[in-house]
Amino acid sequence: MKGKQKGRLWRLCLPLTTLSLLGTAVLRAGAAGTKPGDVNLDQFVDVSDAVLMARFIVEDPMAVLDSEGKANADLNEDHLIDGRDLTDLMLGIAKKRLDILYPTVTTTVTTTEAATTTTTATTAPAPEDSTELIADSVSYPYDVSLSVLSGQSEPAEMLTVGYQSGNMTFAVFNDQPDALKIAIAHQDNIVGYYLMCSEYSAPKGFKVTEYKDKIEPGANGGLYAVLVLRDDMSIQFSGVNTEDGLRVLSKLQYYALNGIRAAKKQDLKPLDWNGNASKSAEDHSRDMAQKKYFDHIAHDDAGHLIYYELIDAYAMLYGKRLLALVGTDENGMPCHYQVTDDGSPVLDANGNQIILGKWNAAKGKVEETDGYFPSNGGYRLNMVSINWGRFGESIDFGSIEPFQMLNGWLNSADHRKHIFTERDTAVGIGIAGTSDGKRFYGTQVFYKYL
């Protein structure tokens, strides 16, 4: 028995030892679900496929392949299964030849003629017919180990979030920010991607969320990115187990933010990430979540709540926080009225509503009266020892995942100015949820160092 096994292993080492693959051409053409290298048809490509192929090559009677398994084993498409296919498979598994297992697929669309124009486009197959994930003519692997992608380029960062369904790992590849890709893995198995692209084809069994720029749409209806995720998976805020997980999703949003900046305005430099600023933003989001702001308190035209801190101008001691709303005084001029947390007016000893800020015609804005300091993004940056020269802030509530939140800001005329800022150099992002985990608030603070 030992001698017989040794002989079979020796035969395996001969590169030209072959077995005919009868009828492969017909079977391969008709096998819509073929996946190069998946010899045992378990939807993964790993060492077990190589072992089965090796046993088949040495004519092990227990190594049986059906037509689809044979088609997947014939990697060089020469209608034979031999040592060369096995070598290619092992190189692919070892991440030395990813092109063998994940070839790029490009399909050219027929030229369309209109009354006065002729256009030619390159795209992937229609989503309903697709068995591969293709974005801007590049094919992306899925249902394989996340380590497969490391053979192409090392991720800039690996971020892990604890979800109720188990850990989700986000591998961020940002060597080309304008073509940012984030691979999403569940228990090391790739289950989806966030991709910056203008066109795509999604595989069967995957759901797609499109992100579009509706203010400056350009081509393809403004499509700039897609989230392609296996049907049974989710990256929503509501499934995150801990606050640490929300912090990770904040960092994920940061990469997508720089991706949008690079894709839409290539001359913009990436914004720096600052952990202290992000903590400040998270504290603000948590404060909004705890008090359920936007539910019963008004805000200004830009969607911002206005906060104030009672301040001792000499000792710089901060006291009770005051909340203000936008209104008009007896002369019809803009002003900020003091209110309680539920939005009720605060009256002075004479029964008049207390005004915290008055219109300054020379500066063209409402300016706070003596004794009050605005608790805005700049104030909060001061509290975490960041010396800023200028700042901008965006807040959000109601979004269900980080990319949707960012897309909402992109499609707000006021908030998108912050996204495409040319003067700010850094950003902090923080996300927090209500105690029941049903609503989530986000804060972005952009600033330039002093």
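How are helices H3 and H5 oriented to each other? The legends below, which describe a predicted model, begin with this pair.

**View 1. Helices H3 and H5 pack against each other in a roughly antiparallel arrangement.** Two packed helices are described by the angle between their axes and the distance between the axes. Here the axes of H3, residues 47-57, and H5, residues 83-93, come within 10 Å and cross at roughly 170°; because angles over 145 degrees count as roughly antiparallel, H3 and H5 are described in that way. On the H3 side the contact is made by Val47, Asp49, Ala50, Met53, Ala54 and Ile57, while H5 contributes Gly83, Asp85, Leu86, Leu89, Met90 and Ile93. Sorted by character, the residues of this contact comprise 9 nonpolar, 1 polar and 2 charged.

**View 2. Helix H7 is mostly covered.** This helix runs through residues 243-264 and has 22 residues, and the distance from its first C-alpha to its last is 32 Å, close to the 32 Å expected at 1.5 Å a residue. Of the 22 residues in H7, 17 are buried.

**View 3. Cys197 and Cys335 are shown in a structure that holds 0 disulfides.** Cys197 is buried, with a relative accessible area of 5%, and Cys335 is also buried, with a relative accessible area of 1%.

**View 4. The whole chain, given as context for the close-ups, has 11 helices and 25 strands.** Among the 450 residues of the chain, 46% count as buried. If one takes the contacts in the chain with a separation of 6 or more, 61% of them are accounted for by residues 24 or more positions apart.

Terms used
Residues are numbered from 1 along each chain as its sequence is written. This is a predicted model: local features need pLDDT of at least 70, side-chain atom pairs count only at pLDDT 80 or more; totals for chains, interfaces and linings use all residues. Side-chain values use heavy atoms; hydrogens and water are left out. Axes are lines fitted to C-alpha atoms, for helices over the stretch in contact, and angles run from 0 to 180 degrees between N-to-C directions. Helices (H or I, at least four residues) and strands (E, at least two) are DSSP runs, numbered from the N terminus. Angles under 35 degrees count as roughly parallel, over 145 as roughly antiparallel, 65 to 115 as roughly perpendicular and the rest as oblique. Contact means heavy atoms within 4.5 Å. Ala, Val, Leu, Ile, Met, Phe, Trp, Tyr, Cys and Pro count as nonpolar, Asp, Glu, Lys and Arg as charged, and the others, Gly among them, as polar. The expected span of a helix is 1.5 Å times one less than its number of residues. Buried means under 20% relative accessible area, exposed over 50%, partly exposed in between (1.4 Å probe, protein chains only). A disulfide is a pair of cysteine sulfur atoms within 2.5 Å.
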